[in-house]
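User: I have a structure that I would like to go through with you. Could you take my questions one at a time?
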Amino acid sequence: MRFFGTVSTLLLLGVAAVRGAIEEEDDVLVLTDDNFEEAINTHDTLLVEFYAPWCGHCKSLAPEYAKAAKALKENDPPLRLAKMDATAHTKFSEKYGVNGFPTLKFFKGSLDASAVKSYDSGRSADEIEKWVVKKSGPAVKVIDTADDLAKLQENNDVVVIAHIDAATGEQKDLLEKVADSEDIAVIVATTDASVHADLKEAGSVVLLKKFDDKKVLYDGEFTKEKISDFIKEHHKPLVMTFSQDKASQIFGGEVDVHLLVFSDETKDYHESILESVTEAAAVTKGKILHVVIPVSESRIVDYFGLKESDLPSMVLVNMGAGMKKYPFPTKAAELTEKLTTADLKSFESKYLAGDLKPTLKSAEPFDDSEEAVKVISGKEFDARVMDSDKDVLLEFYAPWCGHCKSLAPKYDELAESFSEVDSIVIAKMDATENEIDHPKVDVKGFPTIIFFPADDKANPITYEGAREVEGFTEFLKKNAKKFTLGGESHGKDHDEL
C-alpha cells in the first residue's frame, strides 16, 4: 500500500509540474481564480481559507493556519491547506457563498458546491489539524477487536460503535453519511458482535462517552436521520465547562439558549451548585445548554459585568436573539446556601413558557454634542436610532477589543467627513455596557457594524465591507437616503428604500 501511495503522490506531483506549481506562503497554497480548479482537482482534500487582506480576524488566524499547514504537510500522507484573497479573486468566493471573512471551506476533490463542507471547529492550529485529519480520512473505520475499541475510547470523549452486516454495503455507506455530518463523536463499525457486550444483531448501535451516564444504547431504526439525531442528543455532557477548545462545540451547536453558571471551582459551594444544575439540565436537555464559566475566563466574566465577589451567579442567555439575558434572581450570598433544583427548574420552565422578560443593561447617556461619532447608550437606542428619521451607522464595540481600537481613528475620520450631512448619524455603542432588544441585531463579535436605514429600521444591514473610510463612504453612498456630500448628490430616493 505504501508503494502505491508513493507512486500516486509522484504522479500528482508530475501533473502539478506540467500545469505549473502553485505558489506557497508558510506552507499554505496560494490560490487564484486561475489555479483554483487545478488545486481542487489535484488534491483529494483541501481546506481553503477565503480571506480579505484588511480583515483583522484573518490576520489573527494566519499564524495558527500556517502552523497547522506545516504539521499537515508532514502528515503521512501529506494533507494541504490553501488560502485565497477573496477581494482580488471573486469568482469562486461568490460561487461558494462567501459573505464574511475569514470563511473556510473543505473540498474533497470536487468543485460541486453541494459537496463542499464549511469548517466549523476552532481557530487554533491544533483544532484545525485535528479537524482536517478527521475529515480527510475514512469517515467510518471498521474495527475487529475490543482492544481497538478501548484505544478509541481512551483517546476520544465520545465513540459511537455500530454492528453492521458487512464491511462494505448499505449499512456501512449509511454510517459514512452520518459521520460526514458529525463533528464531536468518533464513529466506527464492526462486523463482530463480540467487540462490545451491548452489540447484538446487525444494526445495533452503542454510544460510549467519558461523562454523565457513560453509555447509551440506540433502539431506533437504522436510518441516517434517526442515528444522527440520537448522536446529537447524547454527544455532549449535560453540563459543559467552558474552555477555548470547547468553544466551537458550545457556541456552534444547535441549542441557542444557554444557562451560564459563573462559579469558582475551588470554592466549597461549587459541587452543590453543579449538582443542582446537572439535575435541571436533565429536564431541559436539547432545549437549554448548561455551561460552567470558570472564574479564570476573565473576558467572559467581565463581559457580563461580574466580579469575583458576585460569584456564584447564573444567567440564561439566548445566543440566537441578540444575546438577550435573563439573570437568575437569587444573589450570590443566597445562591451558595439556598439554591434548590426546584428553583432552577422553575426558572427555566418560566423562560421556555415565555414568562420571563430580558434584562437590558445600559450606561448613563453621554453628552456627545461636541463629538463627531455619537455615543448611544442602551436606554437611548429607541429614541436615537429606532425612532429617528435619520440613517444610522452604529458600531458595537468592546473597550478591550484590539480591532475596535484600530478602527477608532478611521471611524472618527468618517464621522468628521459626514459631519455636515444631517441625515446620517455615525455612532457607536459600548456593547459591554449596553444591550438592546432588536430581533435582527445579533452581536457575536467586535466590532460589529450595523446600518439602520432611515425608512426601514426593522431591517438593519450588517456592514461586511472594508473597514476603511473609503469603504464606509461607498457603502453609505449606496444605501443611505438622498444626501449631498462634497457638492455631489448620493444615496437612494425614498421610494427605493
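Analyst: The notes below cover the cysteines, one lysine and one strand.
Analyst: This is a predicted model in which local features need pLDDT of at least 70 and side-chain atom pairs count only at pLDDT 80 or more, while totals for chains, interfaces and linings use all residues. Residues are numbered from 1 along each chain as its sequence is written, and side-chain values use heavy atoms, with hydrogens and water left out.

User: How many disulfides does the structure hold?
Analyst: Zero, where a disulfide is a pair of cysteine sulfur atoms within 2.5 Å.

User: Is cysteine 401 buried or exposed?
Analyst: Cysteine 401 is buried at 4% relative accessibility; buried means under 20% relative accessible area, exposed over 50%, and partly exposed in between (1.4 Å probe, protein chains only). Cysteine 58 is buried too, at 6%.

User: Where is lysine 70?
Analyst: Lysine 70 lies in helix H3, residues 56-73; helices (H or I, at least four residues) and strands (E, at least two) are DSSP runs, numbered from the N terminus. At 44% relative accessibility, lysine 70 is partly exposed.

User: Now strand S18: why is it largely enclosed by the rest of the structure?
Analyst: Because seven of the seven residues of S18 (residues 391-397) are buried. On one side these are Asp391, Leu393, Glu395 and Tyr397, and on the other Val392, Leu394 and Phe396.

User: Which strand runs antiparallel to S18?
Analyst: Strand S20 (residues 448-452) does, joined to S18 by five bridges; two strands pair if DSSP finds at least two bridges between them. Leucine 394 has isoleucine 450 of S20 as its bridge partner.
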